[in-house]
Amino acid sequence: MLSALVAFEWRYQTRRPAFLGAAALFLAFGFAIAATGFGPQNLPVNSPYLVTESLAFLSLLAVFAASALGAGAVLRDADHGMTEIVHGTPVGAARLLLARFLGAFHAAAAAFALAPAGMLAGTLAPWLDRARVAPVDPLVYLWPLLAVALPSVLLAVAALLAIAAATRSALATHVGAVLVYGLYFVSAALTNSPLMAASKPGAGGGGLAAPLLDPVALA
(Lines give C-alpha, C1' and ligand atoms only; values in the text may rest on other atoms or scores of the structure.)
Protein backbone atom coordinates (compact mmCIF):
# COMPACT_ATOMS: atom_id res chain seq x y z
CA MET A 1 0.00 0.00 0.00
CA LEU A 2 2.85 2.39 0.82
CA SER A 3 4.32 2.14 -2.67
CA ALA A 4 0.93 2.95 -4.21
CA LEU A 5 0.58 5.98 -1.95
CA VAL A 6 4.09 7.19 -2.84
CA ALA A 7 3.36 6.73 -6.55
CA PHE A 8 0.14 8.74 -6.19
CA GLU A 9 1.98 11.50 -4.34
CA TRP A 10 4.68 11.54 -7.01
CA ARG A 11 2.10 11.96 -9.76
CA TYR A 12 0.36 14.70 -7.80
CA GLN A 13 3.54 16.64 -7.01
CA THR A 14 5.03 16.44 -10.51
CA ARG A 15 1.90 17.98 -12.00
CA ARG A 16 1.93 21.00 -9.73
CA PRO A 17 3.12 24.43 -10.94
CA ALA A 18 5.57 24.49 -8.00
CA PHE A 19 7.36 21.41 -9.34
CA LEU A 20 7.41 22.68 -12.91
CA GLY A 21 8.75 26.05 -11.78
CA ALA A 22 11.46 24.46 -9.62
CA ALA A 23 12.51 22.13 -12.43
CA ALA A 24 12.77 25.02 -14.89
CA LEU A 25 14.80 27.11 -12.46
CA PHE A 26 17.27 24.33 -11.64
CA LEU A 27 17.72 23.63 -15.35
CA ALA A 28 18.30 27.32 -16.06
CA PHE A 29 20.68 27.84 -13.12
CA GLY A 30 22.68 24.75 -14.08
CA PHE A 31 23.00 25.98 -17.65
CA ALA A 32 23.98 29.48 -16.54
CA ILE A 33 26.72 28.25 -14.20
CA ALA A 34 28.47 26.27 -16.93
CA ALA A 35 27.76 28.61 -19.85
CA THR A 36 29.11 31.67 -18.02
CA GLY A 37 32.39 29.94 -17.17
CA PHE A 38 31.88 29.92 -13.41
CA GLY A 39 35.01 29.18 -11.42
CA PRO A 40 38.78 29.68 -11.72
CA GLN A 41 40.02 30.17 -15.26
CA ASN A 42 42.57 27.36 -14.88
CA LEU A 43 39.85 24.75 -14.27
CA PRO A 44 37.48 23.24 -16.83
CA VAL A 45 33.86 24.15 -16.13
CA ASN A 46 33.05 20.43 -16.06
CA SER A 47 35.91 19.46 -13.76
CA PRO A 48 34.97 17.32 -10.73
CA TYR A 49 35.76 20.16 -8.30
CA LEU A 50 33.66 22.81 -10.03
CA VAL A 51 30.74 20.46 -10.72
CA THR A 52 30.68 19.37 -7.08
CA GLU A 53 30.93 22.94 -5.79
CA SER A 54 28.23 24.13 -8.20
CA LEU A 55 25.78 21.36 -7.29
CA ALA A 56 26.39 21.92 -3.59
CA PHE A 57 25.70 25.63 -4.07
CA LEU A 58 22.52 24.96 -6.05
CA SER A 59 21.33 22.50 -3.41
CA LEU A 60 20.95 25.48 -1.09
CA LEU A 61 18.08 26.63 -3.29
CA ALA A 62 16.32 23.31 -2.77
CA VAL A 63 15.03 24.63 0.54
CA PHE A 64 12.57 26.84 -1.32
CA ALA A 65 11.38 24.02 -3.58
CA ALA A 66 11.03 21.86 -0.47
CA SER A 67 8.96 24.57 1.18
CA ALA A 68 6.43 24.62 -1.66
CA LEU A 69 6.30 20.86 -2.11
CA GLY A 70 6.31 20.03 1.61
CA ALA A 71 3.62 22.53 2.50
CA GLY A 72 1.41 21.24 -0.30
CA ALA A 73 1.91 17.63 0.78
CA VAL A 74 0.86 18.27 4.38
CA LEU A 75 -1.66 21.10 4.17
CA ARG A 76 -3.81 20.22 1.17
CA ASP A 77 -6.25 18.09 3.19
CA ALA A 78 -6.99 21.00 5.53
CA ASP A 79 -7.17 23.45 2.64
CA HIS A 80 -9.86 21.37 0.95
CA GLY A 81 -11.72 20.37 4.14
CA MET A 82 -10.76 16.70 3.74
CA THR A 83 -8.70 16.10 6.89
CA GLU A 84 -11.28 14.08 8.82
CA ILE A 85 -12.24 12.00 5.77
CA VAL A 86 -8.66 11.19 4.77
CA HIS A 87 -7.53 10.42 8.32
CA GLY A 88 -10.60 8.23 8.84
CA THR A 89 -9.43 5.75 6.17
CA PRO A 90 -7.54 2.52 7.05
CA VAL A 91 -4.32 4.05 5.68
CA GLY A 92 -3.45 5.75 8.96
CA ALA A 93 -1.98 9.18 9.57
CA ALA A 94 1.62 8.00 10.05
CA ARG A 95 1.72 5.97 6.83
CA LEU A 96 0.04 8.79 4.92
CA LEU A 97 2.59 11.33 6.18
CA LEU A 98 5.48 8.99 5.29
CA ALA A 99 4.10 8.50 1.78
CA ARG A 100 3.71 12.22 1.28
CA PHE A 101 7.23 12.85 2.58
CA LEU A 102 8.69 10.28 0.18
CA GLY A 103 6.63 11.61 -2.72
CA ALA A 104 7.67 15.20 -2.01
CA PHE A 105 11.33 14.17 -1.71
CA HIS A 106 11.29 12.27 -5.00
CA ALA A 107 9.63 15.22 -6.71
CA ALA A 108 12.20 17.66 -5.30
CA ALA A 109 15.02 15.31 -6.26
CA ALA A 110 13.66 15.00 -9.81
CA ALA A 111 13.46 18.78 -10.15
CA PHE A 112 17.01 19.18 -8.83
CA ALA A 113 18.32 16.47 -11.17
CA LEU A 114 17.77 18.91 -14.03
CA ALA A 115 20.58 21.09 -12.63
CA PRO A 116 23.41 18.75 -13.75
CA ALA A 117 21.55 18.30 -17.06
CA GLY A 118 21.60 22.07 -17.47
CA MET A 119 25.29 22.19 -16.55
CA LEU A 120 26.05 19.56 -19.17
CA ALA A 121 24.09 21.53 -21.78
CA GLY A 122 25.92 24.70 -20.72
CA THR A 123 29.27 23.21 -21.77
CA LEU A 124 27.94 23.27 -25.35
CA ALA A 125 27.38 27.05 -25.32
CA PRO A 126 29.08 28.45 -28.47
CA TRP A 127 30.51 31.46 -26.62
CA LEU A 128 32.28 29.34 -24.00
CA ASP A 129 36.06 29.00 -24.37
CA ARG A 130 36.54 25.41 -25.56
CA ALA A 131 39.82 25.24 -23.65
CA ARG A 132 37.72 25.23 -20.48
CA VAL A 133 35.70 22.17 -21.46
CA ALA A 134 37.14 18.76 -20.59
CA PRO A 135 35.96 15.46 -22.10
CA VAL A 136 32.52 14.60 -20.71
CA ASP A 137 32.46 12.02 -17.92
CA PRO A 138 28.94 11.19 -16.61
CA LEU A 139 30.35 10.16 -13.23
CA VAL A 140 31.61 13.71 -12.70
CA TYR A 141 27.93 14.77 -12.54
CA LEU A 142 26.40 11.62 -11.04
CA TRP A 143 28.67 11.24 -8.02
CA PRO A 144 28.23 14.76 -6.50
CA LEU A 145 24.50 14.57 -7.31
CA LEU A 146 24.13 11.39 -5.25
CA ALA A 147 26.74 12.03 -2.55
CA VAL A 148 26.42 15.78 -1.95
CA ALA A 149 23.33 17.36 -3.48
CA LEU A 150 20.54 14.84 -2.91
CA PRO A 151 21.31 14.43 0.82
CA SER A 152 20.92 18.21 1.09
CA VAL A 153 17.59 18.00 -0.75
CA LEU A 154 16.51 15.23 1.64
CA LEU A 155 17.44 17.38 4.63
CA ALA A 156 15.53 20.36 3.24
CA VAL A 157 12.37 18.35 2.50
CA ALA A 158 12.44 16.68 5.92
CA ALA A 159 12.90 19.98 7.76
CA LEU A 160 10.25 21.90 5.85
CA LEU A 161 7.70 19.09 5.86
CA ALA A 162 8.20 18.78 9.63
CA ILE A 163 7.54 22.50 10.05
CA ALA A 164 4.40 22.21 7.91
CA ALA A 165 3.15 19.21 9.89
CA ALA A 166 3.83 20.92 13.23
CA THR A 167 2.37 24.33 12.41
CA ARG A 168 -0.30 23.48 9.81
CA SER A 169 0.54 26.82 8.25
CA ALA A 170 1.87 27.55 4.77
CA LEU A 171 3.14 30.94 5.95
CA ALA A 172 5.09 29.37 8.81
CA THR A 173 6.57 26.83 6.41
CA HIS A 174 7.78 29.52 4.01
CA VAL A 175 9.16 31.60 6.89
CA GLY A 176 10.93 28.46 8.11
CA ALA A 177 12.53 28.08 4.68
CA VAL A 178 13.90 31.62 4.88
CA LEU A 179 15.23 30.97 8.40
CA VAL A 180 16.91 27.73 7.36
CA TYR A 181 18.50 29.55 4.43
CA GLY A 182 19.65 32.39 6.69
CA LEU A 183 21.05 30.01 9.31
CA TYR A 184 23.13 28.35 6.65
CA PHE A 185 24.91 31.61 5.93
CA VAL A 186 25.68 31.91 9.65
CA SER A 187 27.26 28.45 9.59
CA ALA A 188 29.09 29.36 6.37
CA ALA A 189 30.64 32.36 8.10
CA LEU A 190 31.68 30.24 11.10
CA THR A 191 33.36 27.61 8.92
CA ASN A 192 34.89 29.94 6.31
CA SER A 193 32.90 28.25 3.58
CA PRO A 194 33.93 29.13 0.01
CA LEU A 195 30.42 30.52 -0.26
CA MET A 196 31.68 33.53 1.69
CA ALA A 197 33.92 36.05 -0.03
CA ALA A 198 37.69 35.75 0.49
CA SER A 199 37.40 32.59 2.57
CA LYS A 200 39.28 29.35 2.19
CA PRO A 201 37.55 25.95 2.10
CA GLY A 202 37.50 24.54 5.62
CA ALA A 203 39.87 27.16 7.02
CA GLY A 204 39.54 28.59 10.49
CA GLY A 205 36.62 26.45 11.61
CA GLY A 206 38.59 23.37 12.53
CA GLY A 207 38.38 19.88 11.10
CA LEU A 208 35.27 19.01 13.13
CA ALA A 209 33.35 22.27 12.92
CA ALA A 210 32.96 22.35 9.15
CA PRO A 211 31.13 19.02 8.69
CA LEU A 212 28.99 19.59 11.79
CA LEU A 213 27.90 23.11 10.88
CA ASP A 214 27.73 22.76 7.10
CA PRO A 215 25.35 19.97 6.03
CA VAL A 216 25.60 21.13 2.40
CA ALA A 217 29.34 20.20 2.36
CA LEU A 218 30.63 23.42 0.79
CA ALA A 219 32.97 24.05 3.71
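This is a short dialogue on reading a predicted model.

Colleague: Before we start, what should I know about the model and its numbering?

Modeller: It is a predicted model, where local features need pLDDT of at least 70 and side-chain atom pairs count only at pLDDT 80 or more, while totals for chains, interfaces and linings use all residues. Residues are numbered from 1 along each chain as its sequence is written, and side-chain values use heavy atoms, with hydrogens and water left out.

Colleague: How many helices and strands does the protein have?

Modeller: Helices (H or I, at least four residues) and strands (E, at least two) are DSSP runs, numbered from the N terminus. Here you get 10 helices and 0 strands.

Colleague: And what share of the residues is buried?

Modeller: Buried means under 20% relative accessible area, exposed means over 50%, and partly exposed is in between (1.4 Å probe, protein chains only). In this protein, 42% of the 219 residues count as buried.

Colleague: Let's try one helix. Which residues of α7 are buried?

Modeller: Helix α7 covers residues 114-122, and its buried residues are A115, P116, G118, M119 and G122. They sit on the same side of α7, because they cover an arc of only 155 degrees around the axis. That arc is taken from the directions from the helix axis to the C-beta atoms.

Colleague: What covers those buried residues of α7?

Modeller: The cover includes α2 (17-35), α3 (48-59), α6 (93-112) and α8 (138-167). Contact here means heavy atoms within 4.5 Å.

Colleague: α8 starts at P138, I see. Is P138 buried or exposed?

Modeller: P138 is exposed, with a relative accessible area of 60%. Its C-alpha atom is 9.8 Å from that of P116, and the two are 22 residues apart along the chain.

Colleague: How do I check the length of a helix such as α6?

Modeller: The expected span is 1.5 Å times one less than the number of residues. For the 20 residues of α6 that should be 28 Å, and the end C-alpha atoms are 28 Å apart, which agrees.

Colleague: How many salt bridges does a search of the whole structure find?

Modeller: A salt bridge is a side-chain nitrogen of Lys or Arg within 4 Å of a carboxyl oxygen of Asp or Glu. The search finds 1. R100 pairs with E9, and their closest N and O atoms are 3.9 Å apart. R100 lies in α6 and E9 in α1 (residues 2-13), so the pair ties together parts that are 91 residues apart in sequence. Both R100 and E9 are buried.
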